[in-house]
Amino acid sequence: MQAWSKQEFEQKLREKSDLYHIHHPFHLMMHKGQCSEQQVRGWVANRFYYQINIPVKDAAILANCRDIETRREWIQRIIDHDGSMHDDTLGGIEAWLRLGEAVGLNRQELLEERHLLPGVRFAVDAYVNFARRATWQEAACSSLTEMFAPEIHQSRLDSWPSNYPWIDQRGLKYFQMRLSQARRDVNHGLAITLDHFTTREQQEHALNILQFKLDILWSMLDAMTMAYHFEQPPYSHMDPRPICHRGIA
């Protein structure tokens with residue numbers, strides 16, 4: 001089979017946006033202002049596990065990368081999330097902790113992962129393990145869900161203030177930060193992918209990698225839907241109090 005041109009290949013990658021978790025029923029419900037306070041807190045608490053693992057994933061990519069120019073650019077992603085010791089730039093993890101406080105969670109319960117669902121842990125850990133074992137180019141390709149991220153961040157900035165007025169808007173800083181960061185990161189990750197995956201077989205492999213990452217994000221929301229929408233959290237048969245209600249009342 002003949003390889004796609006770079007333009008055709010990029011279009012194939014971007015067409016995966018139809019499967020981005022912005023279309024998940026839980027996210028649609030949240031966008032429409034239909035989530036309860038408990039459901040919003042559950043989402044924030046579980047997404048925090050994803051946030052704290054992003055720099056771990058990026059460190060794994062750096063560990064596998066022998067290209068100095070790529071490392072020089074990719075390391076900015078870790079700084080974006082961890083923050084810097086040399087200035088007062090707000091890191092993504094700290095920004096998410098402030099989001100947690102804005103929705104009524106305290107920092108300690110987030111850091112202690114008190115509300116983390118096993119399905120979310122499993123999905124995020126699978127992503128980190130993939131980044132450790134894959135080539136750095138494959139792992140970079142998996143990051144291309146960031147092509148679709150600005151839309152989802154903007155949708156929260158647009159809808160949350162009116163739909164969830166009980167949330168302190170100062171806690172929305174994370175979404176504002178990621179609008180520009182994600183666009184910058186996409187340019188780098190996309191260039192790596194278009195340059196490395198050049199045969200048709202490699203290009204189809206790249207599409208499968210991107211699909212794997214989309215599956216990760218979708219599966220996280222599946223776990224949250226069961227716990228917070230259908231009120232069937234894991235192992236709830238062992239305790240008359242639903243697990244998802246503990247500490248998120």
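How many helices and strands does the protein have? Here are a few notes on this predicted model, beginning with that question.

1. **Overall make-up.** The count comes to 11 helices and 0 strands. Reading from the N terminus, the order of elements is accordingly α-α-α-α-α-α-α-α-α-α-α.

2. **Overall dimensions.** The radius of gyration is 18 Å, close to the 18 Å that the globule rule gives for 249 residues, so the protein is as compact as a globular protein of that length. If you would like a feel for the extents, the C-alpha trace spans about 55 × 45 × 35 Å along its principal axes.

3. **α3 against α7.** Have a look at helix α3 (residues 37-64) beside helix α7 (residues 118-133): they pack at an angle of about 10°, and their axes are 8 Å apart. An angle under 35 degrees counts as roughly parallel, and α3 and α7 are therefore roughly parallel to each other. On the α3 side the contact is made by N46, Y49, Y50, N53, V56, K57, A60, I61 and N64, and on the α7 side by V120, R121, V124, D125, Y127, V128, A131 and R132. By class, the residues of this contact are 10 nonpolar, 3 polar and 4 charged.

4. **α3 against α5.** Helix α3 also meets helix α5 (residues 92-102), where the axes come within 10 Å and cross at roughly 175°. Angles over 145 degrees count as roughly antiparallel, and α3 and α5 are therefore roughly antiparallel to each other. From α3, the residues involved are W43, V44, R47, F48, Q51, I52 and P55; their partners in α5 are I93, W96, L97, L99 and G100. The split for the contact of α3 with α5 is 9 nonpolar, 2 polar and 1 charged.

5. **The cavity.** Searching the whole structure turns up 1 cavity of 30 Å³ or more. The largest cavity holds about 260 Å³ of space. Its lining consists of 24 residues, and those closest to the centre are Y50, I54, E146, A149 and R178.

6. **What lines the cavity.** Which elements give two or more residues to the lining of the largest cavity? They are α3, α4 (68-82), α9 (149-163), α10 (173-196) and α11 (200-229). The largest share, 6 residues, is from α3. In terms of chemistry, the lining divides into 9 nonpolar, 6 polar and 9 charged residues.

7. **A thread to follow.** Y50 of α3 is worth a click on your way through: it belongs to the contact with α7, and Y50 is also among the residues closest to the centre of the largest cavity.

Note on methods:
Residues numbered from 1 in each chain as written. Predicted model: local features only at pLDDT ≥ 70, side-chain atom pairs only at ≥ 80, totals over all residues. Heavy atoms only, no water. Axes fitted to C-alpha atoms, helices over the stretch in contact; angles between N-to-C directions. Helix = DSSP H or I, 4+ residues; strand = E, 2+ residues; numbered from the N terminus. Parallel < 35°, antiparallel > 145°, perpendicular 65-115°, else oblique. Contact = heavy atoms within 4.5 Å. Nonpolar A, V, L, I, M, F, W, Y, C, P; charged D, E, K, R; others polar. 1 Å grid on protein atoms, 1.4 Å probe; cavity = no way out; pocket = protein on both sides within 12 Å on 5 of 7 lines; lining within 4 Å. Points joined across faces, edges and corners; volume = space filled by probe spheres on them. Rg over C-alpha atoms; globule rule 2.2 N^0.38 Å.
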